[in-house]
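Dear colleague,

I am passing on to you the structure shown below. Please look through it first; a summary of what was found in it follows.

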Amino acid sequence: MPASTARRLFPMPLRRALPCILIATLLVSQPVPLRAQSSSPTPGPDSLPSAQPDAAQASPAKAAAAPQADAPPASTPDAPEAVEPDKPGVDMGLVRSVIATALEFLAPRTLESHTSRDFTLWGLGSLTALDPMLTLDTRGADIRLLSGQTSLLSQPAPPAGNAEDWAKLAVDFISTARAHSESVADASREDLVQAFFDELFNHLDPYSRYIGPSSATTDRQARVGGEADAGLSLTRKGRDIVISAVNANGPAWTATVDPGDKLLAVNNRLTAGQSVETVTGWLRGEEDSRVTLRLLSPGQRRGHTVVLHRAKVPPETVFAFASGPLVVLRVTSFSSDTAEEMSQYLDQATQDPNLKGLIIDLRGNRGGVLQQAVTAAALLLDRGVAAVTDGRDQQANHIWAVQGGDMTNGLPIAILVDGRTASAAEILAAALADHRRAVVIGSSTLGKGLVQTVAQLPDEGELFVTWSRVIAPLHWPLQGLGVMPQLCTSLGETEMTRQMHDLAAGTLDNQPAVEASRLARFPLPVSRILAIRKACPAALGSDRDLDVARAVLENPKWYKTAITAIPGDAASSASASAAPVAH
């Protein structure tokens with residue numbers, strides 16, 4: 001952003017509650033562990049890539065039985081030699097439990113119908129990936145594991161939908177492969193499980209995946225917060241530790257703590273000369289535990305003491321800047337608190353009687369929690385449908401309707417997008433554009449319109465399984481197509497100048513592409529998607545986006561021309577009465 005004045009918008013008491021939304025099946029913010037208990041099935045899970053923990057409790061998915069692994073399979077008549085006992089160091093019982101739970105979870109939820117047989121045979125392709133001498137023969141009634149032309153193991157194929165039996169078969173084949181192949185035997189449990197799911201998900205969409213325990217923990221912390229702390233970011237200046245940022249949802253936000261303050265001591269431990277990492281560690285601790293800070297504000301001669309209670313806080317995702325009569329909200333992702341952060345900044349910004357417009361910058365935003373995108377839309381829409389999700393599982397099908405009231409009372413809005421804008425960010429942009437509530441500026445977005453449900457497996461890893469497609473309020477599919485902006489900035493400076501000249505004359509050059517995208521319906525051939533997107537190719541954002549947004553927001557006639565390029569009325573095209581709406 002050019003040299004406009006940047007400032008932190010301080011909190012104000014919220015005069016309005018967050019608009020309510022229909023929260024049917026939500027993305028679990030902390031995926032529920034799936035315990036393998038065949039005797040006591042539990043309800044299907046809530047869903048999507050993470051959700052606000054206080055908005056909905058996730059229900060455990062029905063788990064397949066996962067008894068402890070049996071002894072390695074005895075050799076069959078086809079096997080030329082006895083199978084060695086399982087190599088030490090790999091808990092094959094846990095591997096079996098993970099696979100059984102995953103098969104049970106996958107079967108009803110994938111976009112296309114597949115059986116446990118399909119999933120298992122795809123996953124066992126990992127044995128060939130680990131050792132090219134190993135192959136599977138599935139042509140007869142039996143499943144056979146071969147090393148070259150030599151049969152190592154043969155077992156009858158269980159019923160196609162029996163997750164428990166197919167998990168047992170998978171472990172038997174993996175154990176046999178470990179007994180006969182050095183490369184398979186050298187693989188750790190984590191490697192074996194990762195390889196199995198990598199091969200399995202190669203047969204599904206690009207967004208379904210398995211994440212191992214370590215990475216899954218990191219992802220969960222990014223969505224809902226990790227270890228409890230004070231909600232402060234630190235930097236070092238000379239020997240001093242200085243507050244560089246205050247998380248809007250953290251314990252320090254409402255206290256007398258500001259960026260630029262020197263942090264003199266934490267619980268009476270002096271910070272001078274310490275590293276940022278060390279002092280950051282001092283700020284962490286048990287949730288709700290007390291931490292005492294000694295601070296010195298710039299220009300003050302005496303320090304002051306602040307006592308906080310630590311809390312688990314997701315990383316801050318919304319940043320506000322004043323730019324003349326406009327406010328820019330930069331939204332970097334959608335975590336479990338993103339809508340609340342937006343609400344705080346909007347409440348503060350709308351106190352300014354000179355405010356002329358709002359810019360929401362979603363460039364580079366890869367998405368996150370679907371429900372948070374819907375709630376963010378509810379902050380800026382009076383009512384209507386924000387999105388529709390459609391899948392094979394009944395729990396995946398929802399009309400996401402909002403009602404509560406526009407916090408800005410119709411303030412003009414521009415949304416900045418680029419080729420990296422994806423998923424939940426696209427949902428927000430599409431919802432506001434389709435309701436003629438915002439002008440979208442930039443390039444075609446990524447086109448990630450598939451929603452994942454998340455499950456935690458017995459090894460603490462996570463499955464992200466695509467289970468629904470997103471349909472925008474005007475009924476067009478986000479997947480592949482992405483959001484077509486009214487004003488395209490990815491065609492170069494000359495083309496942008498021409499667009500702005502025509503806009504001043506009352507013509508929107510990109511209107512044909514905008515209309516074509518809104519009239520598209522699923523299923524959409526790739527050739528048609530490419531033809532529509534060609535009008536405004538995906539590209540990285542630039543300062544030009546912000547300049548165009550300022551110009552449009554400061555000229556009401558230009559803004560109206562761009563807004564009316566969206567065909568029809570989303571509010572009437574998708575009746576909110578099709579689903580209950582929370583008030």
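**The internal cavity**

About 60 Å³ of space lies in the largest cavity of this predicted model. Its lining is made up of 12 residues, and the closest to the centre are L370, S423, I427, L450 and V451. By class, 7 residues of the lining are nonpolar, 4 are polar and 1 is charged. Helix α10, residues 424-434, and strand β19, residues 450-456, each supply at least two residues of this lining. Which element gives the most to the lining? That element is β19, with 3 residues. As for the number of cavities of 30 Å³ or more, the count comes to 1. As general background, empty space of this kind is found by rolling a probe the size of a water molecule over the atoms.

**The protein as a whole**

The protein has 583 residues, and buried residues make up 54% of them. Its secondary structure comes to 16 helices and 21 strands. Among the contacts in the protein with a separation of 6 or more, 72% are between residues 24 or more positions apart.

**An open sheet of 6 strands**

One sheet deserves a closer description. Its 6 strands follow the order β12-β13-β14-β17-β18-β21, and the sheet is open, with mixed pairing. The edges are held by β12 (318-323) and β21 (487-488); each has a single partner strand, so one side of each is left without a neighbour in the sheet. In general, strands of a sheet pair through backbone hydrogen bonds, either parallel or antiparallel.

Both senses of pairing can be seen around β13. With β12, strand β13 pairs in the antiparallel sense over 6 bridges, and V318 has V331 in β13 as its bridge partner. These two strands form a hairpin with 2 residues between them, and G324 in the turn has a positive phi of about 65°. With β14 (residues 357-361), strand β13 (residues 326-331) runs parallel, and 5 bridges join the two. In this pairing, the bridge partner of V328 is I359, while R330 stands opposite D361.

Is β13 largely enclosed or largely open to the outside? Of its 6 residues, 5 are buried, so β13 is largely enclosed by the rest of the structure.

**Two individual residues**

T421 is found in the loop between β17 (413-417) and α10; β17 is one of the strands of the open sheet, and α10 supplies residues to the cavity lining. T421 counts as buried because its relative accessible area is 0%, under the 20% cut-off. A polar atom of the T421 side chain lies 2.9 Å from the backbone oxygen of L362. Leaving aside residues up to four places away in sequence, T421 touches L362, R363, G364, N365, E426, T445 and L446.

A551 has its place in helix α14 (residues 543-553). The relative accessibility of A551 is 23%, so this residue counts as partly exposed; the partly exposed class lies between the cut-offs of 20% and 50%. Which residues does A551 touch, not counting those up to four places away in sequence? They are M500 and W558. M500 is 51 residues apart from A551 along the chain, and the C-alpha atoms of A551 and M500 are separated by 9.1 Å.

With kind regards

Key: Residues numbered from 1 in each chain as written. Predicted model: local features only at pLDDT ≥ 70, side-chain atom pairs only at ≥ 80, totals over all residues. Heavy atoms only, no water. Pairing = 2+ DSSP bridges. Helix = DSSP H or I, 4+ residues; strand = E, 2+ residues; numbered from the N terminus. 1 Å grid on protein atoms, 1.4 Å probe; cavity = no way out; pocket = protein on both sides within 12 Å on 5 of 7 lines; lining within 4 Å. Points joined across faces, edges and corners; volume = space filled by probe spheres on them. Nonpolar A, V, L, I, M, F, W, Y, C, P; charged D, E, K, R; others polar. Buried < 20%, exposed > 50% of the residue type's maximum accessible area, 1.4 Å probe, protein only. Polar contact = N/O pair within 3.5 Å; in protein donor to acceptor, adjacent residues only side chain to side chain. Contact = heavy atoms within 4.5 Å.
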